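Notebook open, coffee poured. I want to go through this one piece by piece and jot down what I look up.

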Amino acid sequence: MLTIKNIDVFYGKIHAVRRASLHVRRGEIVALIGGNGAGKTTLLSTVSGLLRPAAGNIVFDGQEITRLGADRIVRAGISHVPEGRLVFKPLSVEDNLLLGSYHRFSFKLKQEITEDMEAIYSMFPVLKERRKQPAGTLSGGEQQMLAIGRALMARPKVLLLDEPGMGLAPNITQEIFKHIVSLRDKFGLTVLLVEQNARSALKIADRGYVLETGRIVLQGPAEELLQNKDVQRAYLGRDITDQVEISNE
Amino acid sequence: MLVLGETVMVLLDYIQFLISGLTVGSTYGLTALGFTIIFNTTGIINFAQGEFLMLGGMLSVFLLKFLNLGLLPAVLLAIIITTCVGALIERFTIRPVQKSSTINLIIITIGISIFIRGVAMLLWGKDTYALPSFSGDTPLSFFGASMHPQSIWILSITLVLLCLLKFFFARTIYGKAMLACSFEKKAAYLVGINVQRMVLFSFMISALVGAIGGVILTPLTMTSFDVGILLGLKGFAACILGGLGNPFGAAAGGLILGVLESFGAGIVSSAYKDAITFIVLLLLLFVKPSGLFGQAEVERV
């Protein structure tokens, strides 16, 4: 559904992504993991049109989208939930969601958009409670839900998620991740997920890619990556359950 | 009896000050609205805002004089041309360098204002010009004070524009999308907003509002190539006074400044008229930097 082929991206003078290729099939959750500065965000921003690749191409649904502007890419069906959530802080929760539907907004669709908004509210009831509040007054987890809701309001086929768990308490992160899985299961949404928290990401993903200094160094089914010694050493650290077993012995 | 008579006289004076203050204040408010629109979309303070008022007034005068158009066509054409100037400014001076920091863009707008003023001086010289009033010069009596008919035009057009803009930013998705561009540009791109087009529109609307302000003010105060400097500064002061980014605050700030100025000029001395604006501005910035109607930023991390 989404195929990235040999892209090179420069971020300023930094060669942030080097000849990276990856693909995401329909209905898959694919995790892209890697350390700080590995180029994960750069790669995602290139797909959504915020950055232009120096070389390579990106094909979505049979359509070349490599050099389209961000607004055209949203229209094509790719929504990007950016790193740091970037909700429109002074605007109300409701306005944030409404703006999510900007690319398809027309007065004829008002009914449909209101229904979509209700669907988001039933998924995240806390947003409904706070729908008149400025988005900046929400907690981090609520802002993440809002950012995801806003992206869903565009009715995407593919959701790009950049570090949805960043800065959140572990139980909130787990909740967000559960929502991501249910989005795929219920609506057949395709997800490309970038995470530093490699374990949580790989646990919900079907497949994964490991990015290191701009190169994809490893790829495979998520369970395999979870078992991979290199991945474990570099990104997973020691599992808490391992520690429990050790102390039991 | 004598004392009562004096009180009435003083009261009449005050009403007179109030009316002229509100009239002048309206145009400060319109200038401030122009600042607000561009600021709300881009975070830029457009210091060429005053030149839009100058262009509105000067173009009307010259279209009327040299092309012998009627007053209404001349005025409308002047407003349209100024709006196009706003678009050109965005397209050729702001867009090519849009990646620069906000402060650089603000300095560019200062350059633009100097340029426009220079061109106006070359074209039309340094003379002062007048535009006929929209509906005659016979003063109307208002509670015993006299009121120029143009004042009514100024007050009502300002009010209408203000309501339209408020509606646009608070109730329409396009207005909200414009706001979104300044709050979180990256996210605005990601929801499919064409940010560049929004910035272009903001310069056009701002020029439009400025030109209308210039056109309605000129019959009362006359115009010359350099009226934009002081009007721009006053408008900016009004903007800060009301809280930057808030259209109603901007208009209210303008009215308050106008009234203060008018009372200051009437009671103290007209020599200090302009100083009063800036003293008020400084005092307010010491006490409440977010402006009278501005909200301190609400944010949780």
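Before counting any strand partners, I fix the term: two strands pair if DSSP finds at least two bridges between them. I also note for the record that this is a predicted model.

**Entry 1: strand 3 of chain A**

I started with strand 3 of chain A and its neighbours. How many bridges join strand 3 of chain A to strand 8 of chain A? I get 5 bridges, and the two strands run parallel, with strand 8 covering residues 190–195. One spot I checked on that side is Val30(A), which stands opposite Leu192(A) in strand 8 of chain A.

Strand 9 of chain A (residues 207–212) is joined to strand 3 of chain A by 4 bridges, also in a parallel run. Here I looked up Ile33(A), and its bridge partner in strand 9 of chain A is Val210(A).

Next I asked about burial. Strand 3 of chain A spans residues 29–33, and 5 of its 5 residues are buried, so the rest of the structure largely encloses it. In a regular strand the side chains alternate between the two faces of the sheet. I therefore sorted the strand by face: Ile29(A), Ala31(A) and Ile33(A) sit on one side, Val30(A) and Leu32(A) on the other, and all are buried, so both faces are covered.

**Entry 2: chain A as a whole**

I stepped back for the overall numbers. Chain A comes to 11 helices and 10 strands. Its radius of gyration is 18 Å, and a compact globule of 249 residues would be near 18 Å, which agrees. The C-alpha box along the principal axes is roughly 60 × 50 × 35 Å. Buried residues make up 45% of the 249 residues. For contacts in chain A with a separation of 6 or more, I find that 67% are between residues 24 or more positions apart.

**Entry 3: the open sheet in chain A**

Then I looked at an open sheet of 4 strands in chain A. In what order do its strands lie? I read 2-1-4-5, with antiparallel pairing. Strand 2 (14–24) and strand 5 stand at the edges with a single partner strand each, so one side of each has no neighbour in the sheet.

I zoomed in on one edge. Strand 4 and strand 5 of chain A run antiparallel and are joined by 2 bridges. For Val59(A), the bridge partner in strand 5 of chain A is Glu64(A).

**Entry 4: two positive phi angles**

Most residues other than glycine have a negative phi. I wrote down two residues that go the other way.

- Asn6(A) is not a glycine, yet its phi is positive at about 45°. Asn6(A) lies in strand 1 of chain A (residues 2–11), and I count it as exposed because it has 12 C-beta neighbours inside 10 Å.
- Asp61(A), also not a glycine, has a positive phi of about 55°. Asp61(A) is in the loop between strand 4 (55–60) and strand 5 (63–64) of chain A. With 14 C-beta neighbours inside 10 Å, Asp61(A) comes out as partly exposed.

**Entry 5: where chain B meets chain A**

I turned to the contact between the chains. It takes 27 residues from chain A and 18 residues from chain B. On the chain B side, the elements that give two or more residues are helix 6 (173–183) and helix 7 (185–190). Helix 6 of chain B gives the most, with 6 residues. By class, I get 11 nonpolar, 2 polar and 5 charged residues on the chain B side.

**Entry 6: helices 9, 10 and 11 of chain B**

How do helix 9 and helix 10 of chain B cross? Their axes come within 7 Å and cross at roughly 115°, with helix 9 at residues 227–242 and helix 10 at residues 247–268. I noted the crossing as right-handed. Among the residues making the contact are Ala238(B) and Leu241(B) of helix 9, and Gly253(B) and Ile256(B) of helix 10. The class split of this contact is 8 nonpolar, 5 polar and 1 charged.

Last lookup: Leu281(B), in helix 11 of chain B (residues 273–287). Leu281(B) has 20 C-beta neighbours inside 10 Å, so I count it as buried. Leaving aside neighbours within four places in sequence, Leu281(B) is in contact with Ala237(B), Ile240(B) and Leu241(B). I also took the C-alpha to C-alpha distance from Leu281(B) to Gly291(B): 9.3 Å in space, at 10 residues apart in sequence.

Terms used: Residues are numbered from 1 along each chain as its sequence is written. Chains are lettered from A and ligands numbered from 1 in the order in which they are written. This is a predicted model: local features need pLDDT of at least 70, side-chain atom pairs count only at pLDDT 80 or more; totals for chains, interfaces and linings use all residues. The radius of gyration is taken over C-alpha atoms; the globule rule is 2.2 Å times the number of residues to the power 0.38. Two residues are in contact if their C-beta atoms, placed from the backbone, lie within 7 Å. Ala, Val, Leu, Ile, Met, Phe, Trp, Tyr, Cys and Pro count as nonpolar, Asp, Glu, Lys and Arg as charged, and the others, Gly among them, as polar. Axes are lines fitted to C-alpha atoms, for helices over the stretch in contact, and angles run from 0 to 180 degrees between N-to-C directions. A crossing is left-handed if the near helix is turned anticlockwise from the far one by less than a right angle, and right-handed if clockwise.
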